[in-house]
Amino acid sequence: ALHPESEVMPSLSMPQWSTNTLVGYLDHECTKYPKTWQVQRDRTMLALMLCAAPKTGEVIDLKTDDVQSNKASKNITVRFTGPRREQERIVELSQLGSRQMELWLLARQEVEGYPDTLFFGQKRLLHTKFRRQLTHKSVYILVTNFLGQALPEDSFKYGLTHQGAELIRNSVISTWLTDPLKTYGSLEEIMVRAGVKDRRTIERLVR
C-alpha cells in the first residue's frame, strides 16, 4: 500500500548555521530597550520557539499558569499541553528565553484588557476591552519577518516558502539530534521534549 505523501516527505529544516544565526541575532536584539509591549511579546515568542520548538498552536494556546520558575536552576519552565498525551511536557528555557519571559510577564500586566492567554494581539474583541487571541497568520508573519531580518538576503530565493514556526521547530529539533554533546539526551528523550510520539516524525528531519 502507498503511504500518504506526508509520511514519506522529508520535513523541512534549516542548516545548523542558520539556527545559530537566529539565536545570535535575537540575543543582540534583546540588548535593546523594547519600545512597545508588542516588541517584548515578539521577542519572547521567538526565544520560546528557539528554546522549546513548540508548534504554532501550542504557542497560541499557552496560559500564564503554564509558566513557572525552576527554583534550582532559576530558569523558567513552560508546560505545553495538547489533545494527545505525548504533547504534554515541561521544557526548561535557556537563560535568554527565561529572561525574555520574565520581562514579558511584567510587560503584559501593563496592557489594558489582557486575556488569560500568555500571548495576545493588539486588536480587541468586538464591544469589549479584551485583546484578541493570536492567530496562526499573525505568528507566521512574525516568524517570516524575523527570518528576513536575521538571515542573509536571498536565503529563501529557491522556493523555501514554509517560513512559519514549524520551520524553526524542525530546525531546532534537528540541532538537538545532531548535538555531539547530547545535551538534550537520547532520541527518546528528544521525542519527549518535542512532544512527538512517532519516531518517523523525528527521523524525517533531514537537512
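This is a short talk on helix packing and a few individual residues in one structure.

Hi everyone, thanks for coming. Please keep in mind that we are looking at a predicted model.

Let's start with helix α8, which spans residues 187-194. Which of its residues are buried? They are Ile190, Met191, Arg193 and Ala194. Around the helix axis these four cover an arc of only 160°, which puts them on the same side of α8. As a reminder of the background, an α-helix has 3.6 residues a turn, so residues three or four places apart point the same way. And what do the buried residues of α8 pack against? Their partners are three helices and a strand: α3 (37-52), α7 (165-178), α9 (199-203) and β3 (89-92). Right after α8 you will find glycine 195, with a positive phi near 70°.

Two of those partners, α3 and α7, come up again, so let's move on to helix pairs.

Take α3 and α6 (136-150) to begin with. Their axes are 11 Å apart and they pack at an angle of about 80°. An angle from 65 to 115 degrees counts as roughly perpendicular, and therefore α3 and α6 are described as roughly perpendicular to each other. If you want to display the contact, pick Asp42, Met45, Leu46, Met49 and Leu50 on the α3 side. On the α6 side, pick Val139, Leu142, Val143 and Phe146. By residue type, this contact of α3 with α6 has eight nonpolar residues, one charged and no polar.

Now turn to α6 and α7. How far apart are the axes of α6 and α7, and at what angle do they cross? They come within 8 Å and cross at roughly 60°. α6 and α7 are therefore oblique to each other. From α6, the contact uses Val139, Val143, Phe146 and Leu147, and from α7 it uses Ala165, Leu167 and Ile168. The residues here divide into seven nonpolar, no polar and no charged. You may recognise some names: Val139, Val143 and Phe146 of α6 also meet α3.

While we are on α7, have a look at serine 171, which lies in that helix. Is serine 171 buried or exposed? With a relative accessibility of 0%, serine 171 counts as buried. A polar atom of the serine 171 side chain lies 2.8 Å from the backbone nitrogen of methionine 14.

Next, some loop residues with backbone angles to check. Most residues other than glycine have a negative phi, and most peptide bonds are trans. Alanine 53 is not a glycine, yet its phi is positive, about 55°. You will find alanine 53 in the loop between α3 and α4 (56-61), and it is buried, with a relative accessible area of 0%. Histidine 127 also has a positive phi, of about 65°, without being a glycine. The loop that holds histidine 127 runs between α5 (95-108) and α6. What about its accessibility? Histidine 127 is exposed, at 78% relative accessible area.

One last stop: lysine 32, in the loop between α2 (16-29) and α3. Lysine 32 is partly exposed, with a relative accessible area of 39%. Which side chain does the side chain of lysine 32 make a polar contact with? That would be the side chain of glutamate 29, at 2.9 Å.

That's my tour. Thanks for listening, and I'm happy to take questions!

Conventions
Residues numbered from 1 in each chain as written. Heavy atoms only, no water. Buried < 20%, exposed > 50% of the residue type's maximum accessible area, 1.4 Å probe, protein only. Helix = DSSP H or I, 4+ residues; strand = E, 2+ residues; numbered from the N terminus. Arc of directions from axis to C-beta. Contact = heavy atoms within 4.5 Å. Polar contact = N/O pair within 3.5 Å; in protein donor to acceptor, adjacent residues only side chain to side chain. Axes fitted to C-alpha atoms, helices over the stretch in contact; angles between N-to-C directions. Parallel < 35°, antiparallel > 145°, perpendicular 65-115°, else oblique. Nonpolar A, V, L, I, M, F, W, Y, C, P; charged D, E, K, R; others polar.
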